[in-house]
Amino acid sequence: MTDLTPYQARLAALGKLALNVDLERREEFTASNGWHLDAYEADLPSEPSGEPLERGAFNAAVDVLREYRFPPPDLITGIFVPDGPLEGRVMLLKARFLIFTFYFGVRVNAVIDELREDAQERVWGYRYATLEGHFERGQIEFLIVKQLATGAVQFRISAFSKTGVIRNPFYKI
């Protein structure tokens with residue numbers, strides 16, 4: 001876990017910011033309107049059919065996702081207060097590219113924990129959206145999905161994003 005001491009002021013400031021994307025206009029966020037739409041899936045170890053096992057792949061993946069331990073730490077690190085509720089969590093993302101380090105903020109705006117009976121799936125995950133000052137606008141959703149009939153477990157990511165207003169000319173380049 002990251003020592004929060006050097007980041008407390010930044011986290012407090014992020015907590016006061018609004019989202020920089022209007023999620024009520026989601027139907028407008030299409031490729032034809034200049035938005036990037038992404039979707040990825042990765043197979044995880046399977047389990048027996050039925051509800052997730054207490055110590056199985058699904059629940060292990062949920063723990064990794066909740067703690068934001070899945071991105072490669074040499075590329076991106078999530079800095080947040082781990083003891084608070086997940087929904088509403090403000091995260092300072094520390095991204096590295098070549099010799100540069102960038103910081104930007106996001107807020108978890110939905111937690112998903114449901115049985116999708118029509119698809120026979122157990123689903124857990126969350127979405128976060130970008131905050132004012134982020135170099136992009138958008139939202140990303142992370143899901144752990146178990147197919148109850150087969151036991152197959154997947155990690156799914158879907159996102160929509162668009163370059164935001166970048167005031168810093170160095171970041172813009």
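Q: Which residues of α2 are buried?
A: Let's start with a helix, keeping in mind that this is a predicted model. A residue counts as buried when its relative accessible area is under 20%. In α2, the residues that meet this cut-off are A57, F58, A61, V62 and L65.

Q: Within what arc do the buried residues of α2 fall, seen down the axis of the helix?
A: Imagine looking straight down the axis of α2. Its buried residues line one face of the helix. We can say so because, in that view, they fall within an arc of 135°.

Q: What covers the buried residues of α2?
A: Now look at what packs over that face. Covering here rests on contact, that is, heavy atoms within 4.5 Å. What covers the buried residues of α2 includes β1 (36–44), β5, β6 and β7.

Q: Which residues touch the most other members of the largest nonpolar core?
A: In soluble globular proteins, nonpolar side chains tend to be buried together. Here the largest nonpolar core has 22 residues. At least two of them come from each of α2 (57–66), β3 (90–97), β4 (100–116), β5 (121–130), β6 (136–147) and β7 (153–163). The members that touch the most others are Y68, M91, Y126, Y128, F142 and I144.

Q: How many residues are in the other core, which lies apart from the largest one?
A: A further nonpolar core lies apart from the largest. Among its members are L14, V90, L92 and L131. The number of residues in this other core is 8.

Q: Is Y68 buried or exposed?
A: You can find Y68 in the loop between α2 and β2 (76–79). Its phi is positive, about 55°, although Y68 is not a glycine. With a relative accessible area of 7%, under the 20% cut-off, Y68 is buried.

Q: What is the relative accessible area of Q120?
A: Move on to the loop between β4 and β5, where Q120 is found. Q120 is not a glycine, yet it has a positive phi of about 55°. Q120 is partly exposed, and its relative accessible area is 40%.

Q: How many residues of the lining of the largest pocket come from β6?
A: The largest pocket holds about 500 Å³ of space. At least two lining residues are supplied by each of β1, β4, β5, β6 and β7. The largest share comes from β6, and that share is 6 residues.

Q: How many residues of the lining of the largest pocket are nonpolar?
A: In total, 24 residues line the largest pocket, and Y128, E136, I140, F142 and A159 lie nearest its centre. Sorting the lining by type gives 5 polar and 3 charged residues. The nonpolar residues number 16.

Q: Which residues is S161 in contact with, leaving aside its neighbours within four places in sequence?
A: S161 sits in strand β7. It is buried, with a relative accessible area of 12%. Leaving aside neighbours within four places in sequence, S161 is in contact with W35, H36, E136, R137 and G138.

Q: What separates the C-alpha atoms of S161 and A95?
A: Let's finish with a pair of residues you can pick out in the structure. Along the chain, S161 and A95 are 66 residues apart. In space, the separation of their C-alpha atoms is 17 Å.

Notes. Residues are numbered from 1 along each chain as its sequence is written. This is a predicted model: local features need pLDDT of at least 70, side-chain atom pairs count only at pLDDT 80 or more; totals for chains, interfaces and linings use all residues. Side-chain values use heavy atoms; hydrogens and water are left out. A nonpolar core is a set of buried Ala, Val, Leu, Ile, Met, Phe, Trp, Tyr and Cys residues joined through side-chain atoms within 4.5 Å. Buried means under 20% relative accessible area, exposed over 50%, partly exposed in between (1.4 Å probe, protein chains only). Helices (H or I, at least four residues) and strands (E, at least two) are DSSP runs, numbered from the N terminus. The arc is that of the directions from the helix axis to the C-beta atoms. On a 1 Å grid over the protein atoms alone, a cavity is a set of points where a 1.4 Å probe fits but cannot get out, and a pocket is an open set with protein on both sides within 12 Å along at least five of seven lines; lining residues have an atom within 4 Å of a point. Grid points are joined across faces, edges and corners, and a volume is the space filled by probe spheres set on the points. Ala, Val, Leu, Ile, Met, Phe, Trp, Tyr, Cys and Pro count as nonpolar, Asp, Glu, Lys and Arg as charged, and the others, Gly among them, as polar.
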